[in-house]
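Could you open the structure in your viewer and keep the selection tool handy? We will take a short walk through it together.

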Amino acid sequence: MNRKEFLSDCGRMGFAGVALSLFPWLESCSEKAKQEVKGEKARIGIIGTGSRGVFHIKHLLQMSNVEVVALCDNYRPHLEDALQYYPKAKAYDDYHRLLEDANVQGVIIATPLYLHAQMTMDALRAGKHVFCEKPVAVSYELACEMASE
């Protein structure tokens, strides 16, 4: 599956609702496509549960077709705060362990900028769909390397 197919699938699964509130141009889901996946839930992991991660968590709470199944942060107070929103989610302090979780279909990366590129590439290599906060990388060259994954 390429990135274009992923974005299309996210739209059908309703996950793109997070992005739609920020990027209305992503809305490309037909009523027929919505019916095809009715009742299914996208299983998401959040990497980074600070202010940006909680921003996404609050949006995801409003979506009936998304389930946050994993949360990750190496700063325990942020992780514990996020677990209040999703108490059934698995908690990780190492994103590599989250990426090994077969129950996680996709991740939202909401960490400091200098971590975006490596985490995104690791998630793609683990077969996960990725929504990464902007900017995706600290340099053009690193962004190109990410795009080649």
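Why is strand E2 (residues 66-72) largely enclosed by the rest of the structure? Select the strand and look at its burial: six of its seven residues are buried, each with under 20% relative accessible area, so E2 is largely enclosed by the rest of the structure. Keep in mind that this is a predicted model.

Next, add strand E1 (residues 42-47) to your selection. E1 and E2 run parallel and are joined by six bridges. To see one pairing, pick Gly-45, whose bridge partner in E2 is Ala-70. Now trace the chain: it leaves E1, passes through H4 and arrives at E2, making a right-handed β-α-β crossover.

On to strand E3 (residues 90-92). E2 is joined to E3 by three bridges, and these strands also run parallel. Here you can select Leu-71 and find Ala-91 of E3 opposite. The chain gets from E2 to E3 by way of helix H5 (residues 76-85), and this β-α-β crossover is right-handed.

Last stop: the second largest pocket, with a volume of about 360 Å³. Its lining has 22 residues, and those closest to the pocket centre are Gly-48, Asp-73, Thr-111, Pro-112 and Leu-115. Colour helix H4 (51-60) and helix H7 (113-125), the elements that give two or more residues to this lining. The largest share, four residues, comes from H7. If you colour the lining by residue type, you should find eight nonpolar, eight polar and six charged residues.

Technical notes: Residues are numbered from 1 along each chain as its sequence is written. This is a predicted model: local features need pLDDT of at least 70, side-chain atom pairs count only at pLDDT 80 or more; totals for chains, interfaces and linings use all residues. Side-chain values use heavy atoms; hydrogens and water are left out. On a 1 Å grid over the protein atoms alone, a cavity is a set of points where a 1.4 Å probe fits but cannot get out, and a pocket is an open set with protein on both sides within 12 Å along at least five of seven lines; lining residues have an atom within 4 Å of a point. Grid points are joined across faces, edges and corners, and a volume is the space filled by probe spheres set on the points. Ala, Val, Leu, Ile, Met, Phe, Trp, Tyr, Cys and Pro count as nonpolar, Asp, Glu, Lys and Arg as charged, and the others, Gly among them, as polar. Buried means under 20% relative accessible area, exposed over 50%, partly exposed in between (1.4 Å probe, protein chains only). Two strands pair if DSSP finds at least two bridges between them. A crossover is right-handed if, with the strands pointing away from the viewer, the path from the first strand over the helix to the second runs clockwise.
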